[in-house]
Amino acid sequence: SPLLFAPVRGIRRKNLGELVLLSALAPEGARFAVSRAPSNPAALAVHDAWKRFAKRQRLPIDFDVSDRIAPTGSGDASFESWVSHATHFISTSVAEGFGMTFLEAAAHGKPLIARNLEHVTREHERHGLRSGVLYDAILIPEDWIAPVILREHVTTTLERNCRAHGIALPSGVIESVLQSLNHGGWLDFGNLPEPLQQGVIERLADPACRQAPLIKTENLTEPVSTWLSAVLAKREASATREQLAPWSPSAHGEALIGIYTKLTHAPAGPVRHVSPQ
């Protein structure tokens, strides 16, 4: 049976709700696992809320599994054991500086399923690497989310962010953000705050709703459950270890030397500070 392993700490930007959503729509017998819990108390609270939610919904996903739960139910619970038993690596992250999971899948000879982060995957493609089966969005009907509730979440978040920067909320920003979230009558699940994500997942208990969420890829848009069944049937590695040469320690060393050389030859300038605006 498919075992989808997220080899990450479950912090917010890893978009845990999307992993839970996919576990709810996966074919029977599939299991999902997140490697580690966060060490930061604020991040841990979000992680544990998803852990409790998934348990209440009786979904096939486990959290903080490394060194705690064995992939076979008993025996070796190490990270290495989870990597060995995983049929797929998965990443639902919405923000990455480097995107380690994309390359780790190739290093371990695993197929990868991932939300497409273009600033990461575009670099892979420049080196001829197709890092995995990628999707651009998971679309939810806009009428699943009450507009007034979405507006309240957006307003609260923007006001909090502006207060943190010591600036007033610019006029028109709320309307602009709400427009950017709407994709022709659909909302991207990954852009929703956790309480709204949980409301969407709860709807999936109704069989009539299970075909509604759509996955958008480069070539098609179809029900998430249909797409997931198809991609989980494929067990070939997404890339080979040989294709990882552009990200080797020696390649990184050369790039760093180039950056440092450029900096040492740059003229000195006055210290300036970035405006909070």
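The exercises below, each with a worked solution, concern the pockets, the cavity, the salt bridges and the surface of a predicted model.

**Exercise 1.** Describe the largest pocket by its volume, its central residues and the elements that line it.

*Solution.* Begin with the space itself, which comes to about 600 Å³ in the largest pocket. Next, look at the lining, where R12, T157, N191, L192 and P193 are the closest to the centre among the 25 residues that line this pocket. Then turn to the elements: α1 (16-25), α2 (41-56), α6 (147-165), α7 (173-181) and α8 (194-203) each give two or more residues to the lining, and α6 gives the most, with seven residues. Finally, sort the lining by class, which yields 13 nonpolar, eight polar and four charged residues.

**Exercise 2.** Describe the second largest pocket in the same order, from volume to lining to class.

*Solution.* The volume of the second largest pocket is about 250 Å³. Its lining includes R130, V133, L134, W227 and K234, and the elements that supply two or more residues are β6 (133-135) and α9 (224-232). Of the elements, α9 gives the most to this lining, with three residues. By class, the lining has six nonpolar, two polar and four charged residues.

**Exercise 3.** Find the largest cavity and state which strands contribute to its lining.

*Solution.* The count gives one cavity of 30 Å³ or more, and the largest cavity has a volume of about 50 Å³. Its lining is made of A6, V8, K14, L19, I90, S91, T92 and S93. To connect these residues with the fold, note that β1 (3-9) and β4 (88-91) each supply at least two of them. The lining divides into four nonpolar, three polar and one charged residue.

**Exercise 4.** Explain what is linked by the salt bridges E194 to R12, E96 to K14 and R115 to D188.

*Solution.* The general idea is that side chains of opposite charge can pair when their charged atoms come close. The structure holds 11 salt bridges. In one of them the side chains of E194 and R12 meet at 2.8 Å, N to O, and this pair links helix α8, where E194 lies, to the loop between β1 and α1, where R12 lies, across 182 residues. E194 counts as buried because its relative accessibility is 17%, below the 20% cut-off.

In another, E96 and K14 meet at 2.5 Å, N to O, joining the loop between β4 and α4 (100-107) to the loop between β1 and α1, 82 residues apart. E96 is buried at 15% relative accessible area, and K14 is buried at 13%. R13 belongs with K14 and E96 to a network of salt bridges.

In the third, the closest N and O atoms of R115 and D188 are 2.8 Å apart. R115 lies in strand β5 (residues 112-115) and D188 in strand β8 (residues 186-188), so the pair ties together parts that are 73 residues apart in sequence. Both R115 and D188 are buried.

**Exercise 5.** Decide whether α1, L169 and L263 are buried, partly exposed or exposed.

*Solution.* Start with α1, which is mostly covered, since 10 of its 10 residues are buried; among them are L16, G17 and E18. L169, in the loop between α6 and α7, is partly exposed, with a relative accessible area of 29%. L263, in helix α10 (residues 249-264), counts as exposed because its relative accessibility is 58%. L263 also joins L256, I259 and Y260 in a nonpolar surface patch, with about 420 Å² of accessible area together.

Key
Residues are numbered from 1 along each chain as its sequence is written. This is a predicted model: local features need pLDDT of at least 70, side-chain atom pairs count only at pLDDT 80 or more; totals for chains, interfaces and linings use all residues. Side-chain values use heavy atoms; hydrogens and water are left out. Patches are made of residues with over 30% relative accessible area and no salt bridge: like charges are joined within 9 Å, nonpolar side chains (Val, Leu, Ile, Met, Phe, Trp, Tyr) within 5 Å. Accessible areas come from the Shrake-Rupley method with a 1.4 Å probe; for residues, only the protein chains shown count as cover. A salt bridge is a side-chain nitrogen of Lys or Arg within 4 Å of a carboxyl oxygen of Asp or Glu. Helices (H or I, at least four residues) and strands (E, at least two) are DSSP runs, numbered from the N terminus. Buried means under 20% relative accessible area, exposed over 50%, partly exposed in between (1.4 Å probe, protein chains only). On a 1 Å grid over the protein atoms alone, a cavity is a set of points where a 1.4 Å probe fits but cannot get out, and a pocket is an open set with protein on both sides within 12 Å along at least five of seven lines; lining residues have an atom within 4 Å of a point. Grid points are joined across faces, edges and corners, and a volume is the space filled by probe spheres set on the points. Ala, Val, Leu, Ile, Met, Phe, Trp, Tyr, Cys and Pro count as nonpolar, Asp, Glu, Lys and Arg as charged, and the others, Gly among them, as polar.
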